[in-house]
Amino acid sequence: MNSLIRSTARCIRSGAAVCLLRPADGLVRAASARFLCAAADLQKDLGEMVKKDKVVVFIKGTPAQPMCGFSNAVVQILRMHGVDQYASYNVLEDQELREGVKVFSNWPTIPQVYFNGEFVGGCDILLQMHQNGDLVDELKKLGIRSALLDAEKESK
């Protein structure tokens with residue numbers, strides 16, 4: 001990422017409309033300085049977005065209307081735990097956001113879940129945390145009491 005920012009700054013200072021990048025793989029790629037600036041700005045914006053709320057999800061659709069089964073599973077898991085205050089971003093509305101969040105997290109799929117600005121994982125990770133009880137503990141660290149604890153107490 002730092003090399004991307006340095007390359008962008010170098011291109012802008014030189015006034016170039018097109019920059020040639022030579023990443024670690026040694027291949028030369030052409031990219032517009034404007035695109036590189038936009039990509040760097042998006043990464044900065046994503047860093048701020050994931051820190052804005054305790055729980056942040058990037059999903060296909062909205063919590064009220066998820067547009068894929070994996071996004072729906074994330075929404076349902078959070079709902080089961082009584083987590084209803086979280087930031088949600090619909091990646092279907094913005095292709096740059098959809099691709100940018102994958103680069104930001106170095107995770108190839110959507111949905112993506114963040115706790116306190118830290119990447120947790122996707123649907124599979126959240127499901128695993130739910131099944132083994134780790135999600136209750138992680139939510140507690142955020143100051144969120146899982147509703148499953150209350151349901152468990154009531155059933156006894």
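## Cysteines, cores and a pocket

The sulfur of C68 lies 8.0 Å from the closest cysteine sulfur, which belongs to C123, and this is too far for a bond. The model is a predicted one, and a search of the whole structure finds 0 disulfides. A disulfide is a covalent bond between the sulfur atoms of two cysteines; here a pair would count only with its sulfur atoms within 2.5 Å, so the 8.0 Å from the sulfur of C123 to that of C68 rules out a bond. Both cysteines are buried, as the table sets out.

| Cysteine | Relative accessible area | Closest cysteine sulfur |
|---|---|---|
| C68 | 19% | 8.0 Å, in C123 |
| C123 | 10% | 8.0 Å, in C68 |

C68 and C123 also appear together in the lining of the second largest pocket, alongside K60, F70, W107, T109, I110, P111, G122 and D124. This pocket holds about 160 Å³ of space, and the residues of its lining divide into 6 nonpolar, 2 polar and 2 charged.

Turning to the interior, the largest nonpolar core has 18 residues, of which V55, L78, F115 and L126 touch the most other members. At least two residues of this core come from each of β3 (55-59), α3 (69-80), β5 (112-115), α5 (123-132) and α6 (134-141), and the largest share, 4 residues, is supplied by α3. L78 touches V55, V57, V83, Y86 and L126, when residues up to four places away in sequence are not counted. Apart from this core lies another, of 13 residues, which includes L46, V56, V91 and L97.

Terms used:
Residues are numbered from 1 along each chain as its sequence is written. This is a predicted model: local features need pLDDT of at least 70, side-chain atom pairs count only at pLDDT 80 or more; totals for chains, interfaces and linings use all residues. Side-chain values use heavy atoms; hydrogens and water are left out. A nonpolar core is a set of buried Ala, Val, Leu, Ile, Met, Phe, Trp, Tyr and Cys residues joined through side-chain atoms within 4.5 Å. Buried means under 20% relative accessible area, exposed over 50%, partly exposed in between (1.4 Å probe, protein chains only). Contact means heavy atoms within 4.5 Å. On a 1 Å grid over the protein atoms alone, a cavity is a set of points where a 1.4 Å probe fits but cannot get out, and a pocket is an open set with protein on both sides within 12 Å along at least five of seven lines; lining residues have an atom within 4 Å of a point. Grid points are joined across faces, edges and corners, and a volume is the space filled by probe spheres set on the points. Ala, Val, Leu, Ile, Met, Phe, Trp, Tyr, Cys and Pro count as nonpolar, Asp, Glu, Lys and Arg as charged, and the others, Gly among them, as polar.
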